[in-house]
Each structure stands twice: as C-alpha cells, then as structure tokens.
Amino acid sequence: MRARAPNYCENPASRILDPTQSPYPGASSAVTSNGTEASPPPNTSSTANAADASSIPQPLGDRFKRPLRDLRISVTDKCNFRCPYCMPAEIFGEKYPFLAREEILNFEEVERLVRIFLEFGVEKLRITGGEPLLRHGLHDLIASLRALDENLDIAMTTNGSLLPRWAPAMAEAGLSRVTVSLDSLDPDVFHRMNGERFSVDRVLEGIAAAEENGLGPIKVNCVVQRGVNDHGLVDLARHFHGTGHILRFIEFMDVGTLNSWNMDEVVTGAEIVERINAELPIEPADANYSGEVASRWRYMDGGGEVGVITSVSAPFCGDCSRARLTTEGSLVTCLFADGGVDFRELLRGGASDDAIRDLIRSTWTTRTDRYSEERSGLLQVDGTTPKRERVEMYHIGG
C-alpha cells in the first residue's frame, strides 16, 4: 500500500518526487545526483524468462521493476461527444476517416490477448474508447472476458450517455463497475465541452442507471481546465457529496497532439484540494492499493471521498502498472507515448501463443517510460511542450 496521501493544503509539492532519489521500489536510482538521467537497471529476470518461452509465464517487471497489473482496452476510436481536450469538433467532423472495421481487433482477438495477459499477472481490465458503448455487441466481449476469470476486475470508462440503454446488459454480462466522465454541471459549459451533443441530464441519467444495475462503486471523472470549467469544481463536489459515488478531478494533460495544451490552463491538485476544502472540509486518506492513480481525500463529515489525479504537478510514474491496447491492436506502455507495438499482425499471421507471450514479455521488460516526471524539464517559455508525435487519446482511452 502506498504511503499516506500527501496533504496538499500544507505542502503542495509533497507528492513531487525527489529527482536525486529513485521513485521505483527495487530499482537503482533513475537519476544521478547531478540531475542527469541514469540508465535503468538491467532486468535479469526477463533474461531468465526469455530463455524458455514455453515455461509458465511469471509476473513481469519493467526496467524500473514496475509490475504489469492493469490492461486498458480501447474497443473503438469513435465517440458521440466532441470534447475539446480529446476529439475537437473542428477536426473530427462528419467526414473524418475513422478506422475501418477490418482495421479494428475483433472480439476473439481481444479475448485471446487478454487470456495471455492474465498469465503475466494482469488483475484489472478497463474497457475504453472513444466511447466504448458505441461498439456493437460490447456485452458479448464483456461476457467472454468474464468467463476467463470470475474474480477479474472489469471496469469501463464511458461518457454515460448510452448507459440508460446498455447498463442492464453490461451488468448481466459481468461488467464490474463504471467510471463516467462529467466535466461540469453547468448546462452551458457542459454543452460546449462535449461539442454541443448532449445535456448534463442525459449523463446523470446514465449514472443513475449504472447505480440501479449495481455497476459500482461509480467513479465520476472531471478534467479541469482553468477558465473553462474550474469555476464549477465545488458545485460538482456538493452534488456527489453523500451519494457514495467517487468524484475525481484530473489535471488537464498534454495527451495526444490535438488539445492545444498549455501549462497556464492547468489547475493543480493543490489548488483543487484547497478550493474544495474551503467549502467542504476534507482530509487525506490512505491509498487503496499500490499504483492507485488518484490521491484520496475523505470528507470530514463522513460524506464520502474525492480523488485528485496529478499527472502534471505531482507525477506518479513510479507506481505505473498500466498497459494500453489500442483499437487496432498496438500495445502502448505510456499514456504519452509516440507509438506502440503491433500485435494485430501476429494475431492475423498465425502466430502461436508463445510468440505473443514473447512479444508481451519483451515489450514490458524493456519499458522505461516516465514522461510525466520529465515534462517539467521540457516546458518552453510559452508554457507548452515541444511538438512531437503522440498516440491520440481517443485511440487509448486515457
């Protein structure tokens, strides 16, 4: 279990890693005393594993000894929202060339990959998009994944607009829980932030449908942008206070290449906590498990909790155990990566399970991603980061 969550109200920088210390348990320092990056330690266990590809797979560690525990699976690149930080409407119009059906992994291919990933110690699956509920027959995929392990944690991130229709089928198929994106309760702000597609009420109906069908605990994610929706943070906190749902505020991040990210638009976790605490007193709570992305804060009156995800101001790369499978079958090892490793070619080229195991093993055991820790050193005078290729958010689902 991770150490007690830091109190941003007292020390906003308390979660930021000391650059002269290794943030990775079991690994030697990733940074030298003069601040230059050192080579990650050799992964001797991966060499032993690779010597016999037919042996029973063992849990994997990357070059910084971070385990592979979570797999996020994007099942579609399409979405019925046009959120400006992910899929801005001016780019993703009616004629935008989304992936053709044959380019997307079919459910049998996804199931095969997941079965093999479970052998390496994956404990949690998260179904993402785009908007995953746009994928025809998604409940069939959920049922096949549930059949692999009745105790597997299978979650889904959704904008909530289709939950009134699909929550019952998802629950019956074996979905464990949902996370719903909701960036504002203000009707005008929310309408603008989803590309003027849906109302707040539609998403709230979706949350209610998820609750009715036992898809909880329900988490509600809000991406916070200064000058866009940050004025409504406390309103959201009040709305979900006492409901049993877990509201999580996410710092605006430079995911992909389309959201015109600027540091000036980031409302830090410290400021978010300070604003909420001024109206609804909160105190830090222990993490539920090692690698939990949100720092937890509980209401002092017993009204539940909120979370704060601080990828920008206080990165948590040292605990990252997440891999992402894109819609077209590439394995991506960081949310901010510039590409991934193609598994679709193996799946459709007649490769054996051992060949797939070898590629999973080699991909994860050579992983060195820690972009969020490196971001501050990349910031330019205008508050942006250098332009480079990145996997777009709608391909990997956040």
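**Aromatic pairs and Ser-184**

By the ring-centre rule, with a cut-off of 6.5 Å, the count here is three aromatic pairs. Let me take one of them. Phe-81 and Phe-190 pair edge-to-face. Their centres are 6.1 Å apart, and the planes stand at 75 degrees. This pair links distant parts of the chain, with the two positions 109 residues apart. Phe-81 is in the loop between strand E1 (70-74) and helix H2 (107-119). Phe-190 is in helix H5. Both Phe-81 and Phe-190 are buried. Phe-198 joins these two in one aromatic cluster.

A reminder: this is a predicted model.

Now, Ser-184. Where is Ser-184 found? It sits in the loop between strand E4 (177-181) and helix H5 (187-193). Is Ser-184 buried or exposed? Its relative accessible area is 3%, and buried means under 20%, so Ser-184 counts as buried.

What lies 3.0 Å from a polar atom of the Ser-184 side chain? The backbone nitrogen of Asp-186.

Next, contacts. Set aside neighbours within four places in sequence, and Ser-184 touches Val-189, Phe-190, Val-200, Asn-229 and Leu-236. Phe-190 is on that list, and Phe-190 is also in the edge-to-face pair.

Last, the whole protein. There are 12 helices and 12 strands. Of the 398 residues, 55% are buried. Take the contacts with a separation of 6 or more: residues 24 or more positions apart account for 72% of them. The exposed area is about 17,000 Å², with 49% of it from carbon and sulfur atoms.

Key
Residues numbered from 1 in each chain as written. Predicted model: local features only at pLDDT ≥ 70, side-chain atom pairs only at ≥ 80, totals over all residues. Heavy atoms only, no water. Helix = DSSP H or I, 4+ residues; strand = E, 2+ residues; numbered from the N terminus. Buried < 20%, exposed > 50% of the residue type's maximum accessible area, 1.4 Å probe, protein only. Polar contact = N/O pair within 3.5 Å; in protein donor to acceptor, adjacent residues only side chain to side chain. Contact = heavy atoms within 4.5 Å. Areas by Shrake-Rupley, 256 points an atom, 1.4 Å probe, with all protein chains shown as cover. Phe/Tyr/Trp six-rings, centres within 6.5 Å; stacked < 30°, edge-to-face > 60°.
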